[in-house]
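Reader: I've got a new model open and I'd like to practise reading it feature by feature. Could you walk me through it?

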Amino acid sequence: MSFFAPKRHGLFLCLINLRGPMSANETHKEDQRSYRRHFNQWRYPLSLNCHLCISEVIDRFTQVEKEKGLRSRERKRRDLWILRHTIEALVCDLAHHHLSGHSNGIAISRSNRDLKKKSRYKNPYITGQLPYIMDVLELPELQIVEQVKGGLNLFETEHKGHFKTVMRPGRHLIHLIQKYQIEYEDIGLGDCDETIILKSEKSSFWDESEVIEYEDNDMTNHYRKEMTEINQWIKEADLNYLMPINSETDVDLSERRLRRYFTRGSFESGGRLFGGFWQELKKEQRKNIIIDDEEAVSLDYSQMGPRILYGLCGTRPTTQDCYRVPGYERYRSGIKKVFNAMTFAENPMTRFPKGIKQMFKEDIRFQEVSDAIRRYHSGIAHKFYVGIGHYLQYLESQVLIKVLLRLKDLGIHALPIHDAVLVVKAWVDMSKELMEQVFLDMTNVESWVQVE
């Protein structure tokens with residue numbers, strides 16, 4: 001398979017152990033243990049204790065309805081199912097959020113437009129009844145949910161002119177979590193959610209891209225089949241995590257179901273994998289991961305984007321390190337940021353992107369940096385400022401998918417992190433050789449895989 005043809009740590013407190021987990025959901029940014037996330041509508045009670053906790057909530061919910069005269073008619077069977085599934089999803093996700101130690105709330109949409117439409121991304125039991133159920137759960141007689149409607153101050157995300165509601169576990173729910181001794185292993189996560197996500201293009205930097213409905217074809221079915229194979233293999237892995245002393249957050253080892261996100265309304269844009277608990281951890285924390293009873297090591301494709309870009313242009317880089325531009329060797333990190341910005345930009349840039357100026361000496365101007373990059377990479381300079389970055393990201397994800405599947409064929413469990421994988425120490429040499437071969441086969445350019 002080829003994209004293009006050649007041109008003719010310290011002390012630890014405990015060991016968490018879990019085999020054969022349930023599925024997991026999303027995370028989008030590295031190093032965000034207090035991150036703001038969206039409601040996970042696929043959680044459900046897995047243990048007897050969790051079922052008992054939810055049954056108590058439902059019993060009290062219906063009792064309060066009667067006491068306050070909120071509902072006069074008995075629910076039909078389908079409505080009873082909707083009530084139970086909705087409360088299960090809310091309670092389980094709020095409990096999971098509480099156990100994780102995250103300080104921010106959970107974003108959830110109460111919009112009828114979102115709740116009533118049919119969607120491949122939506123749990124069919126989460127319906128237009130959600131706002132009413134949440135409002136009852138918030139009543140002083142229940143105190144299961146705390147919510148801020150349109151919670152801009154807590155969750156800074158705009159959605160088509162309005163702000164999402166933010167919810168947190170209420171005081172009584174926290175009491176029930178303690179009463180029934182709810183832990184991560186008491187909460188399951190279904191595997192019915194869509195693993196191939198197509199998102200729209202952002203209208204501005206602060207805008208939140210929406211998911212897009214699409215018709216399945218051979219390509220999307222193939223992508224989904226690959227994700228099913230990868231997720232099943234990771235699900236079977238024996239993963240552990242050495243929890244550092246005084247850690248303020250916990251790690252849920254069952255959070256390992258990956259989803260592939262395509263961007264800008266195209267299945268040739270983005271394509272990165274998200275959802276694994278290891279992706280949320282800092283680089284130093286990942287050293288505490290144990291795979292199949294052995295220490296995990298990170299294998300990282302260095303300068304993946306530039307090397308793929310050279311392959312697209314039918315040439316090869318003349319240097320081992322594409323980011324070590326002559327005259328700016330001490331500013332390698334800044335050069336990397338500018339280089340990548342130049343591939344994503346659709347028009348010539350005239351100034352440093354936000355946050356990058358301080359990575360250079362004060363008197364260094366953007367124009368001289370960008371000119372130096374273009375001179376040093378004259379063979380691919382015509383690909384700057386044409387917005388090719390999203391396509392490069394897609395090609396990077398294709399390489400990682402192939403690597404994961406090939407490692408699976410060899411019986412090696414690997415955890416992906418965008419342009420890197422975590423494998424056990426014993427398989428480092430074999431995995432590194434495989435990664436280099438896959439990259440060469442798919443891009444016609446040699447890679448530089450670093451062991452961290």
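Author: Happy to. Let's begin with pairing: two strands pair if DSSP finds at least two bridges between them. In this predicted model, β10 and β12 meet that with three bridges, in the parallel sense.

Reader: Which residue in β12 stands opposite isoleucine 197?

Author: That's tyrosine 261. On the β13 side, strand β12 (residues 259-262) is antiparallel to its partner, and four bridges join the two. One of the residue pairs there is phenylalanine 262 with glycine 270 in β13.

Reader: What is the strand order in the sheet, then, and is the sheet open or closed?

Author: It's an open sheet of three strands, ordered β10-β12-β13, with mixed pairing. β10 (196-198) and β13 (270-274) are the edge strands, each pairing on one side only. If you ignore direction, neighbouring strands in this sheet are turned against each other by 25° on average.

Reader: How do I read the two faces of a strand?

Author: The general idea is that side chains in a regular strand alternate between the two faces of the sheet. In β12, Arg259 and Tyr261 sit on one side and Arg260 and Phe262 on the other; all are buried, and both faces are covered.

Reader: Which helices lie across β12?

Author: Helix α6 (residues 218-235) lies across β10, β12 and β13, and runs at about 145° to β12. Helix α11 (residues 389-409) lies across β12 and β13, running at about 45° to β13.

Reader: Now helix against helix. What should I look at?

Author: Two packed helices are described by the angle between their axes and the distance between the axes. Take helix α1 (residues 48-67) and helix α5 (residues 171-179): their axes come within 10 Å and cross at roughly 145°. The crossing of α1 past α5 is right-handed.

Reader: Which residues meet where α1 and α5 touch?

Author: From α1 you have Cys53, Glu56 and Val57, and from α5 His172, Leu176 and Lys179. Sorted by character, the residues of this contact are three nonpolar, one polar and two charged.

Reader: How many residues of helix α8 are buried?

Author: The cut-off to keep in mind is that buried means under 20% relative accessible area. Helix α8 (residues 304-312) has eight of its nine residues buried, so it is largely enclosed by the rest of the structure. The buried ones are Met304, Gly305, Pro306, Arg307, Ile308, Leu309, Tyr310 and Gly311.

Reader: What covers the buried residues of α8?

Author: The cover includes strands β15 (294-302) and β18 (448-451), together with helices α9 (332-344), α10 (366-376), α11 and α12 (428-443). Just after α8 comes glycine 314, with a positive phi of about 70°.

Reader: Which residues other than glycine have a positive phi?

Author: Glutamine 181 is one of them, with phi near 50°. You'll find glutamine 181 in the loop between α5 and β9 (187-189), and its relative accessibility is 59%, so it counts as exposed. Arginine 264 is another example, with a positive phi of about 55°. Arginine 264 is in the loop between β12 and β13, and at 28% relative accessibility it counts as partly exposed.

Reader: And a residue at the other end of the accessibility scale?

Author: Try leucine 239, in strand β11 (residues 239-244). Leucine 239 is buried, with a relative accessible area of 0%. Its C-alpha atom is separated by 6.3 Å from that of aspartate 292, although the two residues are 53 residues apart along the chain.

Reader: Where does the pLDDT stay under 50?

Author: A good thing to check, as predicted coordinates should not be read in detail where pLDDT is low. The protein chain has a mean pLDDT of 88, and 87% of its residues reach 70 or more. Residues 5-35 stay under 50, and the model has 104 contacts beyond four places in sequence for that stretch. Residues 152-162 are also below 50, with 27 contacts in the model beyond near neighbours in sequence.

Key: Residues numbered from 1 in each chain as written. Predicted model: local features only at pLDDT ≥ 70, side-chain atom pairs only at ≥ 80, totals over all residues. Heavy atoms only, no water. Axes fitted to C-alpha atoms, helices over the stretch in contact; angles between N-to-C directions. Left-handed = near helix turned anticlockwise from the far one by under 90°. Contact = heavy atoms within 4.5 Å. Nonpolar A, V, L, I, M, F, W, Y, C, P; charged D, E, K, R; others polar. pLDDT = per-residue confidence, 0-100. Buried < 20%, exposed > 50% of the residue type's maximum accessible area, 1.4 Å probe, protein only.
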